[in-house]
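Reader: Hi, got a few minutes to go through a model with me? I'll put it up here and ask as we go.

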Amino acid sequence: MARHQRDIGLRNSDGSGRGEKRHVEATVSKLFSDCVAHDGAEHQHIWINDLQALDGGADYAGNVFVAIRVTEGGIGTDIPFEVATPVELQGMFIPADQADPGPDNQGLPVLHFTHRPVGFVKYDGEEYE
């Protein structure tokens, strides 16, 4: 995978993650072949859609950009996602009107911090945290 460096604005000025903690089930809707470096670590980017809340929050039918931290305290490996497959995630959700757009998240809501201590990803019978 090619590696690119980008600042996509996922942290508050104090270093904490932006957004509201959410736990959802969804469907993988788009894959990106490049791993991206931001916030000091490599990240795998995907889009998900048809979010079903598992936390009492609102469902969301549209696409959501997901940044999954792989290195430097992340999950440690790229996940072998396939489009149109189910995934369960927990992380910090940033609504579209508060998210910083970038090449892979052009005006979409964002889900990030999908790793310890905040979140996790469950995919194809494996849990990544």
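Reader: Of the contacts in the protein chain with a separation of 6 or more, what share comes from residues 24 or more positions apart?

Author: That share is 65%. Keep in mind that this is a predicted model.

Reader: Thanks. How many helices and strands are there?

Author: The protein chain has 0 helices and 9 strands. Read from the N terminus, the order is β-β-β-β-β-β-β-β-β.

Reader: And how much of the chain is buried?

Author: Of its 129 residues, 49% count as buried. The accessible surface of the protein chain is about 6,300 Å², and 45% of that belongs to carbon and sulfur atoms.

Reader: Let's go inside, then. Which residues touch the most other members of the largest nonpolar core?

Author: Those are Ile48, Phe81, Val87 and Val121, in a core of 19 residues. Strand 2 (20-31), strand 4 (41-53), strand 5 (64-69), strand 6 (86-94) and strand 8 (120-123) each give two or more residues to this core. As background, nonpolar side chains in soluble globular proteins tend to be buried together.

Reader: What is Phe81 in contact with, leaving aside its neighbours within four places in sequence?

Author: Phe81 contacts Val28, Leu31, Gln44, Ile46, Ile68, Val87, Val121 and Tyr123. Two of those, Val87 and Val121, are also on the list of core residues that touch the most other members.

Reader: Which residues does the second core include?

Author: Phe65, Ala99, Leu108 and Val110 are among its 8 residues, and this core is separate from the other.

Reader: Phe65 is in strand 5, right? Why would you call that strand largely enclosed?

Author: Right, Phe65 is on one side of strand 5. The strand is largely enclosed by the rest of the structure because 6 of its 6 residues are buried. Both faces are covered, with Val64, Val66 and Ile68 buried on one side and Phe65, Ala67 and Arg69 buried on the other.

Reader: How does strand 5 pair with strand 4?

Author: They pair in the antiparallel sense, over 6 bridges. Among the partners, His45 bridges to Ala67, and Ile48 bridges to Val64.

Reader: What about strand 5 and strand 7, parallel or antiparallel?

Author: Parallel, with 2 bridges between strand 5 and strand 7 (residues 110-112). Phe65 has Val110 as its bridge partner there, and both residues belong to the second core.

Reader: Nice link. Back to strand 4: how many of its residues are buried?

Author: In strand 4, 10 of the 13 residues are buried, so this strand too is largely enclosed by the rest of the structure.

Reader: How many bridges join strand 2 to strand 4?

Author: There are 6, and the two strands run antiparallel. One of the bridges is between Val24 and Ala53.

Reader: And how does strand 3 pair with strand 4?

Author: Strand 3 (residues 35-38) is antiparallel to strand 4, over 3 bridges. Val36 stands opposite His43. The hairpin of these strands has 2 residues between them, and Asp39 in this hairpin takes a positive phi near 55°.

Reader: Changing topic, how many aromatic pairs turn up in a search of the whole structure?

Author: The search finds 2. In the pair of Phe32 and Trp47, the ring centres are 6.0 Å apart and the planes are at 65°, so the pair is edge-to-face. Phe32 is in the loop between strand 2 and strand 3 and Trp47 is in strand 4, so the pair ties together parts that are 15 residues apart in sequence.

Reader: Is Trp47 buried or exposed?

Author: Trp47 is buried, with a relative accessible area of 17%. Phe32 is buried as well, at 15%.

Reader: And which charged end sits over the ring of Trp47?

Author: That of Lys30, 4.6 Å from the ring centre.

Reader: Last one: where is Thr85 found, and why does it count as buried?

Author: Thr85 is found in the loop between strand 5 and strand 6. Its relative accessibility is 18%, so it counts as buried, the cut-off being under 20%. Not counting residues up to four places away in sequence, Thr85 touches Ala26, Thr27, Val28 and Tyr123. Val28 and Tyr123 are also contacts of Phe81.

Note on methods:
Residues are numbered from 1 along each chain as its sequence is written. This is a predicted model: local features need pLDDT of at least 70, side-chain atom pairs count only at pLDDT 80 or more; totals for chains, interfaces and linings use all residues. Side-chain values use heavy atoms; hydrogens and water are left out. A nonpolar core is a set of buried Ala, Val, Leu, Ile, Met, Phe, Trp, Tyr and Cys residues joined through side-chain atoms within 4.5 Å. Buried means under 20% relative accessible area, exposed over 50%, partly exposed in between (1.4 Å probe, protein chains only). Helices (H or I, at least four residues) and strands (E, at least two) are DSSP runs, numbered from the N terminus. Contact means heavy atoms within 4.5 Å. Accessible areas come from the Shrake-Rupley method with a 1.4 Å probe; for residues, only the protein chains shown count as cover. Two strands pair if DSSP finds at least two bridges between them. Rings of Phe, Tyr and Trp (its six-membered ring) pair if their centres lie within 6.5 Å; planes under 30 degrees apart count as stacked, over 60 as edge-to-face and the rest as tilted. A charge sits over a ring if NZ of Lys or CZ of Arg is within 6 Å of the ring centre and within 35 degrees of the ring normal.
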